[in-house]
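Student: I should like to learn how to read the features of a structure, one at a time. Could we begin with the cysteines?

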Number of protein chains: 2
Amino acid sequence: MEVEFKAMLDDLDLLEKSLSDPAPIHKLRVHVENLAALSKCNPQRRSKVKELSSEVVDSNPYSRLMALQRMGIVENYERIREFSVAIVGVGGVGSVAAEMLTRCGIGRLLLYDYDSVELANMNRLFFRPDQVGMTKTDAAVQTLSEINPDVVLESFTMNITTVQGFETFTSSLTNKSFCPSKEGNGVDLVLSCVDNYEARMAVNQACNELRQTWMESGVSEDAVSGHIQLLVPGETACFACAPPLVVASGIDERTLKREGVCAASLPTTMGVVAGLLVQNSLKFLLNFGEVSPYLGYNSLKDFFPTMQMRPNPQCSNAACLERQKEYMLAKPERDAAAKAKMEAEALTAIDESPLHDDNEWNISVVNDENEKDTTKAASSSDTLPEGLTWELPDADEYEKTIAIKSGETEDEEDDLEDLKEQLEALNAA
Amino acid sequence: MEVEFKAMLDDLDLLEKSLSDPAPIHKLRVHVENLAALSKCNPQRRSKVKELSSEVVDSNPYSRLMALQRMGIVENYERIREFSVAIVGVGGVGSVAAEMLTRCGIGRLLLYDYDSVELANMNRLFFRPDQVGMTKTDAAVQTLSEINPDVVLESFTMNITTVQGFETFTSSLTNKSFCPSKEGNGVDLVLSCVDNYEARMAVNQACNELRQTWMESGVSEDAVSGHIQLLVPGETACFACAPPLVVASGIDERTLKREGVCAASLPTTMGVVAGLLVQNSLKFLLNFGEVSPYLGYNSLKDFFPTMQMRPNPQCSNAACLERQKEYMLAKPERDAAAKAKMEAEALTAIDESPLHDDNEWNISVVNDENEKDTTKAASSSDTLPEGLTWELPDADEYEKTIAIKSGETEDEEDDLEDLKEQLEALNAA
């Protein structure tokens with residue numbers, strides 16, 4: 001397009017020289033300049049926001065997220081802007097995880113990858129055919145900055161398994177310029193979304209050295225299962241505590257392929273794993289729900305195994321052994337903190353119990369069991385806001401109708417059989 | 001940009017009239033036309049493919065999908081190009097489901113929505129800020145056709161709950177022009193990705209009338225749970241067989257909001273639900289794994305309940321009762337087919353068992369239990385391809401090492417406690 005603009009301006013110059021009145025040419029040149037400017041910028045890109053608003057208007061990109069507070073799920077959603085998350089590997093899982101965090105309004109994202117976008121990646125979400133040939137980090141920054149200009153994006157186009165790459169990786173994790181008051185490292189969480197053992201071991205090494213909490217993710221070669229795992233150095237098993245049974249030795253594992261066969265992949269499995277990974281990250285960062293230590297996904301049977309892994313006292317990773325020692329030594333401190341917390345909670349409970357010392361109006365709690373039968377239907381409807389009705393008849397009323405008909409015991413047996421089948425399926429899985 | 005091109009062409013027309021020689025103006029007009037064409041098309045858009053190739057090259061968008069065949073997961077992946085899927089509701093779940101199916105190379109997608117893209121939708125995947133103001137169907141077609149030009153996209157910008165909308169909806173589902181030889185309707189599966197009761201009941205009505213298998217999906221108002229469900233008219237419960245307990249009556253349910261609060265939503269929950277929905281669809285269409293009748297997702301506890309629901313003989317939906325009757329009447333036919341299939345399988349098993357009648361080379365199967373101890377280490381290494389080594393020592397070797405040390409019973413107790421905790425967590429969920 002730029003070539004075309006240039007040629008057009010040259011032709012306009014020629015035409016201007018041959019004319020007595022240059023005014024129409026000036027006008028045309030303004031058009032060309034306007035068009036050139038339009039072709040470069042995205043006219044509808046949204047502007048940055050200063051504060052997250054919970055106002056319920058169509059133009060607020062954060063209304064549905066701030067609603068998490070009013071729904072009682074998250075205590076303070078706005079804290080998300082203070083967090084930095086590093087994503088290692090911007091492939092089928094990492095790119096989707098980055099997009100989810102970007103749309104959630106994360107403060108800062110650090111992206112690491114050395115690969116380029118190929119047409120063969122188009123069976124996963126995120127990258128577009130027009131980005132083929134770009135590095136994955138550049139393409140990701142392009143897309144993510146358009147989606148949410150509020151997120152600070154830092155990209156590192158490099159291999160973290162090389163000596164120099166590993167150094168850049170660890171120093172970027174410790175850089176605290178985004179939030180100097182932060183305790184610990186410069187990032188709150190590292191997400192490993194890589195597809196090979198060597199890179200996982202590099203992330204593991206860096207996080208063990210830096211006492212950095214991280215989450216690991218993976219998708220099977222046959223594309224139909226995956227997992228996520230939380231790793232807290234010293235407290236949980238590290239990646240080297242229970243390594244895979246079989247690893248490449250002496251040759252580049254990426255060259256290890258069954259003859260003419262690449263690994264299969266599906267946008268569904270990778271999307272689910274990215275979703276579970278970022279959901280676990282949000283729970284960890286924003287302190288809601290239960291953070292899963294390990295969650296598997298077997299898509300053929302829709303089975304989701306969970307487990308917990310303690311560190312291996314014979315772990316081959318020296319930094320892991322150091323962290324394990326530190327964790328043991330800090331036990332009295334943790335116990336004291338837990339005790340203090342329990343006592344504080346007990347105290348609050350006592351504070352709350354005598355809500356009113358006096359009972360000026362003689363209000364008392366009365367057992368309404370006896371009144372239930374007559375008032376139930378009316379009171380249960382009363383609890384619904386205006387505009388809502390119960391879709392099904394009241395259970396008591398329904399039972400009366402049923403009682404008139406003859407008993408149908410067959411249905412009950414079917415339900416029992418269903419339950420049995422489910423139990424067997426669970427045991428078989 | 002189009003306005004600018006138009007103004008420029010008008011100015012060129014004016015200039016042409018004032019000039020004696022029109023040649024330079026013609027030249028300029030060609031430039032403008034080239035630029036207008038360039039601004040509309042995507043220069044790197046990939047061309048359509050005739051057949052899905054399994055060749056392992058970076059330029060093949062289907063290599064990772066065709067690998068599912070070689071991995072033994074799917075028998076014939078290429079069949080995906082024959083399937084038509086209708087997606088009702090192109091919001092947080094429907095848009096992602098459409099993108100996943102598009103990237104999987106589905107034959108044809110029918111999209112239904114009447115809503116427009118807003119900035120308030122940016123906390124879910126798929127839509128971009130530059131699409132704000134476009135209808136969701138137009139924006140989806142724009143993005144999806146860029147991602148995969150092989151997919152036939154048909155969009156319906158309308159509300160299926162109106163009388164006219166419902167008619168258009170049912171007639172589009174029965175249109176068989178894409179694959180005239182197909183049995184049944186023109187679509188293989190309907191995915192309901194709507195956010196309200198009225199629209200779900202409309203999909204339910206249409207599918208019951210048309211004997212159309214469909215899948216329902218939903219995400220809770222507090223954004224932290226969701227579900228998918230398979231509905232086969234007559235065979236499983238329909239949506240009216242077990243309706244929600246509370247529904248809107250007499251007023252538009254979309255106006256039903258707690259004061260100043262919109263429903264919360266998260267890209268993670270919606271991405272996971274879309275992934276589970278499309279995974280179940282792929283299993284259903286391509287005949288692999290186990291299709292889940294119902295799968296819930298509780299993200300706070302990472303709990304995934306499953307269940308099966310039989311049709312309700314007192315269902316309020318007349319078409320459902322008709323389908324139930326048909327299903328009962330076809331029971332002998334189903335039983336006969338199941339019996340024939342079992343017998344055919346038994347016959348194949350018999351055919352296979354006597355693989356060789358004679359034993360020309362006197363080959364016999366020998367119990368190698370006694371030789372095991374001496375050869376095990378060598379043989380287990382031998383089974384690994386070149387370049388792979390066992391990361392952990394052989395279990396027998398490791399036991400010998402451990403036996404030297406004193407027994408560590410503490411670890412065993414910890415594991416038991418872990419298991420207990422997991423059991424309690426499962427019971428509590």
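Tutor: Certainly, and please keep in mind that the model is predicted. The sulfur of Cys315(A) has its closest cysteine sulfur in Cys241(A), at 3.7 Å, which is too far for a bond. Cys315(A) itself is buried, at 5% relative accessibility.

Student: What is a disulfide in general, and how many disulfides does the count give over all chains?

Tutor: A disulfide is a covalent bond between the sulfur atoms of two cysteines. To be counted, the two sulfur atoms must lie within 2.5 Å. By this rule the count over all chains is zero. Cys238(A) illustrates the point: the nearest cysteine sulfur, that of Cys315(A), is 3.7 Å away, and Cys238(A) is in no disulfide.

Student: Is Cys238(A) buried or exposed?

Tutor: Cys238(A) counts as buried because its relative accessibility is 5%, and the limit for that label is under 20%.

Student: Let us turn to the strands. What is the order of the seven strands in the open sheet of chain A?

Tutor: One reads a sheet by following each strand to its partner. In chain A the order is β3-β2-β1-β4-β5-β6-β8, and the pairing is mixed. The edges are held by β3 (152–157) and β8 (294–298) of chain A; each has a single partner strand, so one side of each lacks a neighbour in the sheet. From one strand to the next, the twist averages 15°.

Student: In which sense do β6 and β8 of chain A pair?

Tutor: Strand β6(A), residues 225–231, pairs with β8(A) in the antiparallel sense, over five bridges. Within that pairing, Gln229(A) has Tyr294(A) of β8(A) as its bridge partner.

Student: Which helix of chain A touches β1, β2 and β4?

Tutor: That is helix α4(A), residues 94–103, which packs on the sheet and touches β1 (84–88), β2 (108–113) and β4 (189–192) of chain A. The direction of α4(A) makes about 165° with that of β1(A). Helix α7(A), residues 197–210, lies across β1, β4 and β5 (214–219) of chain A and runs at about 170° to β5(A).

Student: What is the strand order in chain B?

Tutor: Chain B has an open sheet of seven strands in the order β3-β2-β1-β4-β5-β6-β8, with mixed pairing. At its edges stand β3 (152–157) and β8 (294–298) of chain B, each with a single partner strand, so each has one side without a neighbour in the sheet. The twist from one strand to the next averages 15°. Further inside the order, β4(B) and β5(B), residues 214–219, pair in the parallel sense over three bridges. There, Leu191(B) has Met215(B) in β5(B) as its bridge partner. Helix α6(B), residues 163–174, packs on this sheet, touching β1 (84–88), β2 (108–113), β3 and β4 of chain B, and its direction makes about 175° with that of β2(B).

Student: How should I read a single residue of a strand, such as Ser192(B), which lies in β4(B)?

Tutor: One looks at its accessibility and then at its contacts. Ser192(B) counts as buried, at 0% relative accessibility. Leaving aside neighbours within four places in sequence, its contacts are Val88(B), Arg200(B), Val203(B), Trp214(B), Met215(B), Glu216(B) and Ser217(B).

Student: How many aromatic pairs are there over all chains, and how is one classified?

Tutor: There are 11 aromatic pairs over all chains. A pair is classified by the angle between its ring planes. For Tyr297(A) and Phe304(A) the centres are 5.2 Å apart and the planes stand at 15°, so this pair is stacked. Both rings belong to buried residues: Tyr297(A) has a relative accessible area of 2%, and Phe304(A) one of 10%. In Tyr197(B) and Phe239(B) the centres are 6.2 Å apart and the planes stand at 50°, so that pair is tilted. Since Tyr197(B) lies in helix α7(B) and Phe239(B) in the loop between β6 and β7 of chain B, the pair ties together parts 42 residues apart in sequence.

Student: Which residues do ring pairs link into a cluster?

Tutor: The cluster consists of Tyr297(A), Phe304(A), Tyr297(B) and Phe304(B).

Student: Where does the charged end of Arg334(A) sit?

Tutor: It sits over the ring of Tyr327(A), 3.6 Å from the ring centre. In chain B, the charged end of Arg334(B) sits over the ring of Tyr327(B), 3.5 Å from its centre.

Key: Residues are numbered from 1 along each chain as its sequence is written. Chains are lettered from A and ligands numbered from 1 in the order in which they are written. This is a predicted model: local features need pLDDT of at least 70, side-chain atom pairs count only at pLDDT 80 or more; totals for chains, interfaces and linings use all residues. Side-chain values use heavy atoms; hydrogens and water are left out. Two strands pair if DSSP finds at least two bridges between them. Helices (H or I, at least four residues) and strands (E, at least two) are DSSP runs, numbered from the N terminus. Axes are lines fitted to C-alpha atoms, for helices over the stretch in contact, and angles run from 0 to 180 degrees between N-to-C directions. Contact means heavy atoms within 4.5 Å. Buried means under 20% relative accessible area, exposed over 50%, partly exposed in between (1.4 Å probe, protein chains only). Rings of Phe, Tyr and Trp (its six-membered ring) pair if their centres lie within 6.5 Å; planes under 30 degrees apart count as stacked, over 60 as edge-to-face and the rest as tilted. A charge sits over a ring if NZ of Lys or CZ of Arg is within 6 Å of the ring centre and within 35 degrees of the ring normal.
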